Structure formats: structure tokens, C-alpha cells
Amino acid sequence: VHKEGELPWPPRQVLEGLSVKENRLVRNSDLDFNGHMNNIRYVDFALDSDDFLFYSSHIPTEFQMTFSSETTLGKTMEIASKLSDERRDYQGRVDGKPVFSLSVMFKK
């Protein structure tokens, strides 16, 4: 239900052509009190797949993240990404299933 005065829902993220950058193990510190991976850790996993030098020349200005599925302790998450002129798209997958999608826009 959309109420008057609310911001519109962002468009659905469709990410294609991503390449696997790394695999990350979900550890104790990644979990919330319910035993699921904390949402902010998805962003950490994605951003950690690039080095400091990349982000010193690509200054983030905004991002959009879509949560698709939960994951738990001991699972291995595949981090894939694709770079275009003004953004980098990331996707985390566990057992071949998308867990999150993230698009980061950069200052031009």
C-alpha cells in the first residue's frame, strides 16, 4: 500500500554480466541476535571486495541495496560485481541463490 506523501519504491535491480570477485565465509561477527547475517554486513562484504585504491578514486555518492534471502553461519558467499562508468554493481550469492544486490553510484 502506497500512502500519499511517501517516496516511491525504487525500481527493481536487474544485475547482469557480473564476474565473481571472491568468496567469503559467514562468521560469528556477521550475525545478528537471531543468528542471521546482519544487513549492513552485506554492504561490508561487497565493498571489501575492492581495495582502498579503488575507493580513493571512486567516491560513492549513493547506493541501493535489495535484500533477497537470508544466510547463516558457516555459509560461503560468492561476491560478484561489474563496473560501469558511474557505478559498480555487486551481488552476493549462497549456493547459487542471490542473497543481496547492491548498486553504488560514484561522484563524476
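This is a short talk about the strands, helices and aromatic rings of one protein model.

Okay, so, one thing up front: the model is predicted.

Let's start with the sheet. There are five strands in an open sheet, and the order is β1-β3-β4-β5-β2, with antiparallel pairing. The edges are β1, residues 19-25, and β2, residues 60-67, each of which pairs on one side only. Going from one strand to the next, the twist averages 20°. And then there's α1, which packs on the sheet and touches β1, β2, β3 at 76-83, β4 at 87-94, and β5. For the angle people here: the direction of α1 makes about 130° with that of β1.

Now have a look at β2 and β5. They run antiparallel, and seven bridges join them. If you want a spot to click on, phenylalanine 63 stands opposite valine 104 in β5.

Right, on to the rings. How many aromatic pairs does a search of the whole structure find? Five. I'll go through two of them.

Tyrosine 42 with phenylalanine 100 is a tilted pair, 5.2 Å centre to centre and 35° between the planes. What does that pair tie together? Well, tyrosine 42 is in helix α1, residues 39-48, and phenylalanine 100 is in strand β5, residues 97-106, so the pair connects parts that are 58 residues apart in sequence. Buried or exposed, these two? Both tyrosine 42 and phenylalanine 100 are buried.

The other pair is tyrosine 55 and phenylalanine 106. Here the ring centres are 6.4 Å apart with the planes at 55°, so this pair is tilted. For anyone wondering about that label, planes have to be over 60 degrees apart to count as edge-to-face. This one links distant parts of the chain too: tyrosine 55 belongs to helix α2, residues 52-57, phenylalanine 106 to strand β5, and they're 51 residues apart. On burial, tyrosine 55 has 16% relative accessibility and counts as buried. Phenylalanine 106, at 6%, counts as buried as well.

There's a cluster, too: ring pairs link Tyr42, Phe67 and Phe100. So our tyrosine 42 and phenylalanine 100 turn up again there.

Last bit, charges over rings. Arginine 24 lies over the face of phenylalanine 45, 4.1 Å from the ring centre. Then arginine 88 has its charged end over the ring of phenylalanine 54, and there the distance to the centre is 4.7 Å.

That's what I had, thanks.

How values were computed. Residues numbered from 1 in each chain as written. Predicted model: local features only at pLDDT ≥ 70, side-chain atom pairs only at ≥ 80, totals over all residues. Heavy atoms only, no water. Phe/Tyr/Trp six-rings, centres within 6.5 Å; stacked < 30°, edge-to-face > 60°. Helix = DSSP H or I, 4+ residues; strand = E, 2+ residues; numbered from the N terminus. Buried < 20%, exposed > 50% of the residue type's maximum accessible area, 1.4 Å probe, protein only. Lys NZ or Arg CZ within 6 Å of the ring centre and 35° of its normal. Pairing = 2+ DSSP bridges. Axes fitted to C-alpha atoms, helices over the stretch in contact; angles between N-to-C directions. Contact = heavy atoms within 4.5 Å.
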